[in-house]
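Welcome, and thanks for taking a look at this structure with us. Please take a moment to turn the model around before reading on.

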Amino acid sequence: MTLPAPSVCPCGGSPTALKAKGAEAIYAHCCGRFIDQGQLPPDALHLMRSRYTAFVLENEAYLKHTWQEAVRPQQLEFDTGAKWLGLDIKDFVSTGLQEGHQTAEVEFVARVRVGGRANRLHERSRFVCEDGQWLYVQAV
Ligand SMILES: [Zn+2]
């Protein structure tokens, strides 16, 4: 089960998203385009943001759909009661072509509160673009 779509995007808004300064990113114009409307994220950064948002919304189908097939888990588990507090992108680089596919890395910190305890999830992730669809591969 997926949580209901929010009006404000949990990812905090892409720096390239059209939004007034200080305004909140509208979900439907931010990650909702990719999660609900089937648009393809233009790069690994937008895919990363949409996957964070999908985690917040517990959207297992989207997370699996955007996971490279060879390494995709059968099932995902969400921490019950987890409250996601925000996403900070630390780095985003293209890592060139590998076996004919574009690749990229994104480093991020996601903050989450579980059972009253705040945690930081710090990861540098590898992505690959297959047939126009950016996919999460694994942590570097
Ligand atoms: Zn977003």
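Below is a short tour, grouped by topic.

This is a predicted model. Its strands E2 (101-114), E3 (residues 117-130) and E4 (133-139) are a good place to begin, followed by the nonpolar core and then a loop residue, Gln75.

**Strands and hairpins**

- Strands E2 and E3 run antiparallel, and 12 bridges join them.
- One pair to look for here is Val112 with its bridge partner in E3, Asn119.
- E2 and E3 form a hairpin that has two residues between the strands, and Gly115 in this hairpin takes a positive phi near 55°.
- E3 goes on to pair with E4, again in an antiparallel arrangement, through six bridges.
- Along this second pairing, Cys129 has Trp134 as its bridge partner in E4, while the partner of Val128 in E4 is Leu135.
- E3 and E4 also make a hairpin with two residues between them, where Asp131 in the turn has a positive phi of about 55°.

**The largest nonpolar core**

- The largest nonpolar core has 27 residues, and the members that touch the most others are Cys31, Ala44, Met48, Val106 and Phe127.
- At least two residues of this core come from each of these elements: helix H1 (32-35), helix H2 (44-56), H3, E2 and E4.
- H2 gives the largest share, with eight residues.
- As general background, nonpolar side chains in soluble globular proteins tend to be buried together.
- Which residues does Met48 touch, leaving aside those up to four places away in sequence? They are Val106, Phe108 and Ser125.

**A loop residue to find: Gln75**

- Gln75 sits in the loop that links helix H3 (60-65) to strand E1 (83-98).
- Is Gln75 buried or exposed? Gln75 is exposed, because just 6 other C-beta atoms lie within 10 Å, and a residue counts as exposed at 12 or fewer.
- Lys64 is 11 residues from Gln75 in sequence, and their C-alpha atoms are 8.4 Å apart in space.

Conventions. Residues numbered from 1 in each chain as written. Predicted model: local features only at pLDDT ≥ 70, side-chain atom pairs only at ≥ 80, totals over all residues. Helix = DSSP H or I, 4+ residues; strand = E, 2+ residues; numbered from the N terminus. Buried ≥ 20, exposed ≤ 12 C-beta atoms within 10 Å, placed from the backbone. Core = buried A, V, L, I, M, F, W, Y, C linked by C-beta atoms within 7 Å. Contact = placed C-beta atoms within 7 Å. Pairing = 2+ DSSP bridges.
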